[in-house]
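Visitor: I am new to protein structures and would like to learn how to read one. Could you take me through it step by step?

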Amino acid sequence: MAPTASSPTAQGLLVSDVTVRFGALTAVDRAALTAPAGAVTGLIGPDGAGKTTLCDVISGLRRPSEGTVRLAGADLTGGARERARRGVARTFERPGPLGAATVRDAVRAAAARHAAAREHPGRTARDRWRRRRAARRDAAGRADELLARVGIGEYARRSARAVPPDVARLAELARALAADPSVLLLDEPWTGLPERRRRSLEVLLRDLAAEGLAVLVAGQDLEPVLGVCDVVHVLDGGRVVASGPPAEIRADARARGVHRSAGAPEARLTAR
Ligand SMILES: Nc1ncnc2c1ncn2[C@@H]1O[C@H](COP(=O)(O)OP(=O)(O)OP(=O)(O)O)[C@@H](O)[C@H]1O
């Protein structure tokens with residue numbers, strides 16, 4: 001059945017026939033998938049399957065050789081900044097430096113940027129100064145709220161350069177959420193997280209979907225992705241070779257083959 005204008009699929013992300021070539025190598029090969037609003041969608045595949053390249057295309061960091069990306073029925077064009085403005089946020093497989101003195105400052109700066117992009121400028125200089133001051137205060141409160149939400153509130157005052165990698169990863173997620181996105185792309189978000197934080201992240205992703213976000217999670221390991229997603233797409237050699245709910249993907253021979261070729265033990269394909 002075709003999605004109606006207000007259906008979760010129509011409101012979410014639609015990737016159609018995206019191809020990315022690096023010289024002779026086809027890294028992504030006519031990949032097509034949806035990530036509906038209100039759902040957690042998985043993108044799994046072994047090393048080099050094309051997951052990050054596809055995330056780069058969706059977030060505007062890379063132009064595809066062919067294909068389109070649509071959000072809520074409209075073509076997403078332009079670079080990363082334009083797409084961020086349209087509601088696409090992402091985290092990276094290897095988080096970059098937080099680029100601020102403290103963890104709170106890093107998230108606050110992202111929240112302030114978002115508020116400034118949304119705000120209408122004041123008419124007088126005093127008006128503008130007042131608005132900037134209020135925006136700074138709001139952004140600080142928002143930063144604390146988000147740091148608590150991703151589970152690292154106690155690191156707010158710590159130096160952004162001295163936090164452990166798992167905290168830096170979650171701070172990057174808080175920064176992405178500061179933009180109030182409608183689509184959240186997460187590339188290998190579980191890497192380096194201790195068990196307790198992994199479980200909290202799963203709950204958070206489910207909560208974000210329940211609030212209406214389209215969440216797309218890319219990862220090599222089947223289990224965390226299958227455990228949290230409503231629908232999973234399996235990428236191999238740049239192609240989507242299987243799509244379906246976790247139970248189907250566990251049973252799907254192609255997905256099992258991809259998993260085996262990634263060198264992971266088949267025993268991890270256990271019932272949910
Ligand atoms: N800038 C680039 N130039 C040339 N080849 C690239 C470039 N980026 C990625 N590739 C190649 O494209 C293919 C897909 O890479 P990609 O990083 O998207 O895979 P992945 O599924 O994210 O893998 P991993 O899980 O290891 O990150 C790989 O063969 C990779 O070597």
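Visitor: Which residues of α2 are buried?

Guide: Before we start, keep in mind that this is a predicted model. To judge burial, we count C-beta atoms around a residue, and 20 or more within 10 Å makes it buried. In α2, nine of its nine residues pass that test. They are Lys-51, Thr-52, Thr-53, Leu-54, Cys-55, Asp-56, Val-57, Ile-58 and Ser-59. Just after α2 comes Gly-60, with a positive phi of about 85°.

Visitor: There is a ligand too. Which residues come nearest to the ligand?

Guide: A good habit is to list the shell, then ask which elements supply it. Here the shell has 13 residues, and Phe-22, Ala-27, Lys-51, Thr-52 and Thr-53 come nearest. Both β2 (25-35) and α2 (51-59) supply at least two residues, and α2 gives the most, with three.

Visitor: How many residues of each class are in that shell?

Guide: Sorted by class, the shell around the ligand holds four nonpolar, six polar and three charged residues.

Visitor: Now a single residue. Why does Val-183 count as buried?

Guide: Use the same count as before. Val-183 counts as buried because it has 25 C-beta neighbours inside 10 Å. This residue is found in strand β7 (residues 183-187).

Visitor: Which residues is Val-183 in contact with, leaving aside its neighbours within four places in sequence?

Guide: Looking past sequence neighbours shows how the fold brings parts of the chain together. For Val-183 the contacts are Leu-13, Ala-35, Leu-71, Gly-87, Val-88, Leu-213 and Ala-214. As another kind of reading, take Thr-68: it is 115 residues from Val-183 along the chain, and their C-alpha atoms are separated by 16 Å.

Visitor: Which residues have the most contacts inside the largest nonpolar core?

Guide: Think of a core as buried nonpolar residues linked to one another. The largest one here has 78 residues, and Leu-13, Val-107, Ala-171, Ala-174 and Val-217 have the most contacts inside it. Helix α6 (residues 165-177) gives the most to this core, with eight residues. Two of those well-connected names return around Val-107, whose contacts beyond four places in sequence include Ala-171 and Ala-174.

Visitor: How many residues of α6 are buried, and how far does the helix reach?

Guide: First, the general idea: an α-helix has 3.6 residues a turn, so residues three or four places apart point the same way. In α6, 11 of its 13 residues are buried, among them Leu-170, Ala-171 and Ala-174. From first C-alpha to last, α6 reaches 19 Å, close to the 18 Å expected at 1.5 Å a residue.

Key: Residues are numbered from 1 along each chain as its sequence is written. This is a predicted model: local features need pLDDT of at least 70, side-chain atom pairs count only at pLDDT 80 or more; totals for chains, interfaces and linings use all residues. A residue is near a molecule or strand if its C-beta atom, placed from the backbone, lies within 6 Å of it. Helices (H or I, at least four residues) and strands (E, at least two) are DSSP runs, numbered from the N terminus. Ala, Val, Leu, Ile, Met, Phe, Trp, Tyr, Cys and Pro count as nonpolar, Asp, Glu, Lys and Arg as charged, and the others, Gly among them, as polar. A residue is buried if 20 or more other C-beta atoms lie within 10 Å of its own, exposed if 12 or fewer, and partly exposed in between; C-beta atoms are placed from the backbone. Two residues are in contact if their C-beta atoms, placed from the backbone, lie within 7 Å. A nonpolar core is a set of buried Ala, Val, Leu, Ile, Met, Phe, Trp, Tyr and Cys residues joined through C-beta atoms within 7 Å. The expected span of a helix is 1.5 Å times one less than its number of residues.
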